[in-house]
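Biologist: Hi! Could you pull up the model so we can go through it together?
Modeller: Sure, here it comes.

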2 protein chains.
Amino acid sequence: MPKESTSPMSTNPVQGGKVTIKQVAQQAGVSTASVSYVLSGRSGATGRNGGVAQETAQRIRRVAERMGYAPDLAARKIRTGRSDTILLSLTMLSDPWSLAVIEAVQRRAMPLGITPMILADADWSRVLKSHDADAMFVDAVSPGQEELLTALSSQGKRLVVFHEEMQPKGFDVIRSLAGPGCVLAMDHLLRNHHKIAILTTERARERHDSARFMPYLDGLVKAGIPVREDYIDFFDRSPASAYAAAMRLLDRPDRPTAIYATTDFAAMSAINAAQRLGLRVGVDVDVVGVGNTSEGESMVPSLTSVGPEGFFDELARILVARAQGDEQDPRAVDFHWKLFSRESAR
Amino acid sequence: MPKESTSPMSTNPVQGGKVTIKQVAQQAGVSTASVSYVLSGRSGATGRNGGVAQETAQRIRRVAERMGYAPDLAARKIRTGRSDTILLSLTMLSDPWSLAVIEAVQRRAMPLGITPMILADADWSRVLKSHDADAMFVDAVSPGQEELLTALSSQGKRLVVFHEEMQPKGFDVIRSLAGPGCVLAMDHLLRNHHKIAILTTERARERHDSARFMPYLDGLVKAGIPVREDYIDFFDRSPASAYAAAMRLLDRPDRPTAIYATTDFAAMSAINAAQRLGLRVGVDVDVVGVGNTSEGESMVPSLTSVGPEGFFDELARILVARAQGDEQDPRAVDFHWKLFSRESAR
DNA sequence: CTGTTAGCGCTTTCAT
DNA sequence: ATGAAAGCGCTAACAG
């Protein structure tokens, strides 16, 4: 049995360059193959291959440890095609929604030795082409990019796309239809109110965004309530703008008694604005949001909202399955929304 | 001059597998070397090597495009040692601080073709060992991990570490001393107030955290004001807890006229609480935060805070320089804090 | 049980 | 100006 060679210069764990499998092999007096078996694939398993003696395995592991060996994942990837990595392309990282995605994926992937990495760039197309992870999640795709997705997935990339109305074309689609959910939100308010304002984005209104804006109009019409222009106001991405808009709606004599906000974060700003004005949320004014974020749930007062149930967990499940090589036909998964009635609107 | 071969099967941009440099070379009727030159290094440059004829280069590019070629970054990395990637290990992704780091790095790195990737895991040690990017940023290191950092950097990894009191040992250290800054915050309040409360974390108090907690005590002592236990309250990571704590401080007869919060996010919650109680922030009660986040700056009313100046940009500069191979000796960079006086405390 | 060997896709001398 | 060929670190057949 070969002993660990003891050349004085080379056993230092802290060296200049990086430690390779070859160096470890040499130090341990075995071949690179054995080292590879022990350090990556299984070693002691009685399977057909990979049978490395316990003793040898021990020695290799000791030497590797002492030398501070760490596998080069790029090299491994080039050989196996797997990177043990999931890429999450998230456009609005500040949004609690994104954090929820991350956390859910984290929880599922890490125990399996898969590392989720986040790409905080709106332009996923450039990066996803070359950087390839075992699976990638894309949270926003603009109209023209659909084709690109198909191209990517036919090149072997495993994609999971979040989109409201896209069809699975080589990639999975997570669809979370806000429309019906928003109807629930409006219905909830319509039970007790007829002076209902909406806090939304310019874009949603221009395009008559069927998902989040139309249910407001439809709801009023259905209830026979005329639409008032002065009960419609807008915000952009910043909380400050939502706060300001809510102020405009609430700080006047003929103020609405309820606000339907097309985003949880806008709803939260509206609550702050109402409180600033001395209004009791849930009593003087009701507020509902859309998205059912945990931030809204844990705020004071807790935010009534609509959202999909079990969404993040299921998303993570699918993504991780794909990363592990699940070869089922790409599918679309629809989520049903429900109303989560809390303090801000009973 | 060889024509682009026109075998019917293989010119399809959307194929089963991935397109390699070899396939492109074959299609274009040139060698892989030429393709590599054109597609990665410079092609037409009159430099000593890499001289590829304009015509050839054109053809290669066309073919590559048509076939949907994208370089395999793992393969490239194994050869060049560069991944054109920066890894950001951020523990509190929900914190605006992290977002600011991301944005700053993004802005500097992307124009240079470097992609920042985020690792949202507290345990950076495991990942950073194998996954190596051109440079990596670590925003939190626990006491025992210091040694590991040195080990990593002596293996050729370029690290930039954020820590208040660490010495550069093979890696750069970004030091942002909160202490002096917090003194500024207290001094600011002490000009007009003697009933000053503090909103802080249990941990900071227990360990008599010199940076953020002690300046409160020292400030009061220096001004000859006795410390009141009932003017000290605590929050944990959630905004809800900070809100609740602020409520406890403010919702009673002998309430403080100023709140020193050891975090911007806590300060923001305090402002919300004050408004909820009908108090005018900046008039009935002053609030200052620590960190000088842009969220605080853009909130209504804008938050007075202390923080380092030009911090994120400089951090990004250093990180990107390292990623590009800057070989200067590792150094420690200290940031000076200043007071940003805004509406919440004049 | 262990070693030899052939690549993965790419870059980079070194010839031609 | 272009191509042949040698590897980077690793894994996976295949021999022994």
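**Around DNA strand C**

Modeller: Keep in mind that this is a predicted model. By class, the surface near DNA strand C is made of 12 nonpolar, 9 polar and 4 charged residues.

Biologist: Nice. How many residues surround DNA strand C, and which are the closest?
Modeller: There are 25 around the strand, and the closest are A53(A), R79(A), I21(B), Y37(B) and R79(B). Of the strand atoms that come within 4 Å of the protein, 63% belong to sugar and phosphate.

Biologist: What does the side chain of R79(B) reach on the strand?
Modeller: A base oxygen of DNA strand C, which is 2.3 Å from an N or O atom in that side chain. The elements giving two or more residues to the surface are α2 (32–39) and α4 (73–80) of chain A, along with α2 (32–39) and α4 (73–80) of chain B.

Biologist: And which one gives the largest share?
Modeller: That's α4(B), with 5 residues.

Biologist: What about T56(A)?
Modeller: An N or O atom in the side chain of T56(A) is 2.9 Å from a phosphate oxygen of DNA strand C.

Biologist: Switching topic: how can chain B be laid on chain A?
Modeller: By a turn of 180° and a shift of 0.1 Å along the axis, with an RMSD of 0.3 Å. That is how a two-fold axis relates copies.

Biologist: Last one: where is E165(B), and is it buried or exposed?
Modeller: E165(B) sits in the loop between β4 (159–162) and β5 (172–176) of chain B. The residue is exposed, because its relative accessible area is 65%, and the cut-off for exposed is over 50%.

Terms used. Residues are numbered from 1 along each chain as its sequence is written. Chains are lettered from A and ligands numbered from 1 in the order in which they are written. This is a predicted model: local features need pLDDT of at least 70, side-chain atom pairs count only at pLDDT 80 or more; totals for chains, interfaces and linings use all residues. Side-chain values use heavy atoms; hydrogens and water are left out. Helices (H or I, at least four residues) and strands (E, at least two) are DSSP runs, numbered from the N terminus. Buried means under 20% relative accessible area, exposed over 50%, partly exposed in between (1.4 Å probe, protein chains only). Copies are superposed by least squares on the C-alpha atoms of residues with pLDDT of at least 70 in both. A residue is near a molecule or strand if one of its heavy atoms lies within 4 Å of it. A polar contact is a pair of N or O atoms within 3.5 Å; within protein, one must be able to donate a hydrogen and the other to accept it, and residues adjacent in sequence count only if both atoms are side-chain atoms. Ala, Val, Leu, Ile, Met, Phe, Trp, Tyr, Cys and Pro count as nonpolar, Asp, Glu, Lys and Arg as charged, and the others, Gly among them, as polar.
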